[in-house]
Amino acid sequence: MRVLGIETSCDETACAVVVDGRDVISNVVCSQVGDHAKYGGVFPELASRRQIEEIVAVYEGALGQASLDLKDIDVVAVTFGPGLVGSLLVGVNFAKALAFYSGIPLVAVDHIKGHIASNYITHRDLEPPFLCLTVSGGHTQIVHVLSYEKCEIIGSSRDDAAGEAFDKVGRALGLGYPAGVKIDLLAREGDSERYKFPHPKVKGAEFDFSFSGLKTAVINMLHNTRQSGGEVNVQDVAASFQSTVVSILLERLIGAARKWGCSRLCLAGGVSANSELRERASLECANYGFELFYPASEYCGDNAAMIASEGYYEFMLGNLAGFDLNP
Ligand code: KG4
Ligand code: ZN
């Protein structure tokens with residue numbers, strides 16, 4: 001079964017064709033990173049306007065790459081949330097128009113379930129149940145994936161997402177937007193013991209996260225050092241900050257796995273591309289005898305292949321959307 005996936009929840013315009021939830025036969029992602037860099041973050045109005053201009057070419061690119069026509073597609077799957085509403089509207093309306101015109105069934109996909117499904121594309125034999133740490137620019141969650149459709153959120157961020165903390169610390173370090181990859185690279189040259197940052201916990205919610213205090217601690221340290229004429233070692237700040245984030249994420253993930261008796265763990269989302277997170281998660285999992293899965297790098301960030309993969313399973317379970325679908 002060939003599923004056309006459509007993803008426009010943030011600043012990417014993406015379309016992909018995936019066969020039976022696992023085989024990616026085309027994957028086109030049009031990124032606007034360059035357009036938003038000068039604003040230091042995603043400018044929502046600009047993102048949706050660009051997506052309107054890009055969506056037709058991206059769709060045609062995905063069909064062309066797969067050497068298919070619309071008539072060869074069995075299901076249209078589209079992200080309907082969470083995300084920027086103006087951006088989501090572009091993908092949802094485009095998908096509804098395609099489905100209405102062609103009579104092809106329409107499926108609505110939750111963006112977070114899509115990120116989780118990026119692991120199904122990379123690991124052909126992986127099936128639920130498992131625990132997934134979903135870490136992106138907009139979300140930080142530990143999800144108990146019970147089946148392809150049923151998920152239970154065990155913990156989530158009360159304030160900033162992990163990726164957002166990377167981007168805001170990166171901005172204070174003058175690294176531009178987005179800063180996650182840059183911090184990852186700089187951290188390799190730095191001393192992670194040089195600066196001590198807090199490991200905030202959420203009282204009464206052992207698996208929830210709070211990154212706002214950590215972000216503020218880093219930014220305050222930078223201001224205070226600069227104001228007193230001191231030198232900041234960017235590599236050491238990157239390494240100390242990243243190491244703190246990874247410790248917080250893994251402490252909660254491993255704790256949740258032990259409490260829920262779950263020995264299969266996955267990472268997903270843009271921050272799951274982080275090299276220290278992958279390395280230390282692998283070590284921790286080996287220590288506890290857990291199996292660890294993470295997506296191939298090209299499926300960590302927002303893409304439509306993951307939406308098509310989850311869309312296939314939703315369709316097989318009979319979860320169809322109507323033309324009243326709204327973001
Ligand atoms: O999943 P994603 O592409 O978009 C959202 O759904 O938010 O995630 C983007 C986020 C950004 O905050 C970016 O800085 C972060 O993922 N990111 C990284 C790395 N690559 C991307 N953070 C840390 N290390 C990386 N290697
Ligand atoms: Zn995302």
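The questions and answers below concern the domains, the largest pocket and some backbone features of this predicted model.

In this predicted model, local features need pLDDT of at least 70 and side-chain atom pairs count only at pLDDT 80 or more, while totals for chains, interfaces and linings use all residues. Residues are numbered from 1 along each chain as its sequence is written, chains are lettered from A and ligands numbered from 1 in the order in which they are written, and side-chain values use heavy atoms, without hydrogens and water.

Me: Which domains does the domain assignment of the chain give?
Reply: Domain bounds come from an automatic or database domain assignment. For this chain the assignment gives domain 1 (2–116 + 301–316) and domain 2 (128–297).

Me: What area is buried between domain 1 and domain 2?
Reply: Buried area is the accessible area (1.4 Å probe) that two parts lose on being put together, summed over both. Carbon and sulfur atoms give 67% of the area buried here. The total between domain 1 and domain 2 is about 1,400 Å².

Me: Which three residues supply 39% of the area that domain 1 buries against domain 2?
Reply: No other three residues of domain 1 supply more of this area. They are Ile112, His115 and Ile116.

Me: How many salt bridges does the rule find across the interface of domain 1 and domain 2?
Reply: A salt bridge requires a side-chain nitrogen of Lys or Arg within 4 Å of a carboxyl oxygen of Asp or Glu. Across this interface, the number found is 0.

Me: Where does the largest pocket lie with respect to domain 1 and domain 2?
Reply: A pocket is an open set of points on a 1 Å grid over the protein atoms alone, where a 1.4 Å probe fits, with protein on both sides within 12 Å along at least five of seven lines; lining residues have an atom within 4 Å of a point. Both domain 1 and domain 2 give residues to the lining, so the largest pocket lies between them.

Me: Which element gives the most to the lining of the largest pocket?
Reply: Helices (H or I, at least four residues) and strands (E, at least two) are DSSP runs, numbered from the N terminus. The largest contribution to the lining is 6 residues, and the element that gives them is α5.

Me: In which loop is Pro178 found?
Reply: A cis peptide bond joins Tyr177 and Pro178, with omega about -10 degrees. Most peptide bonds are trans. Pro178 is found in the loop between α5 and α6.
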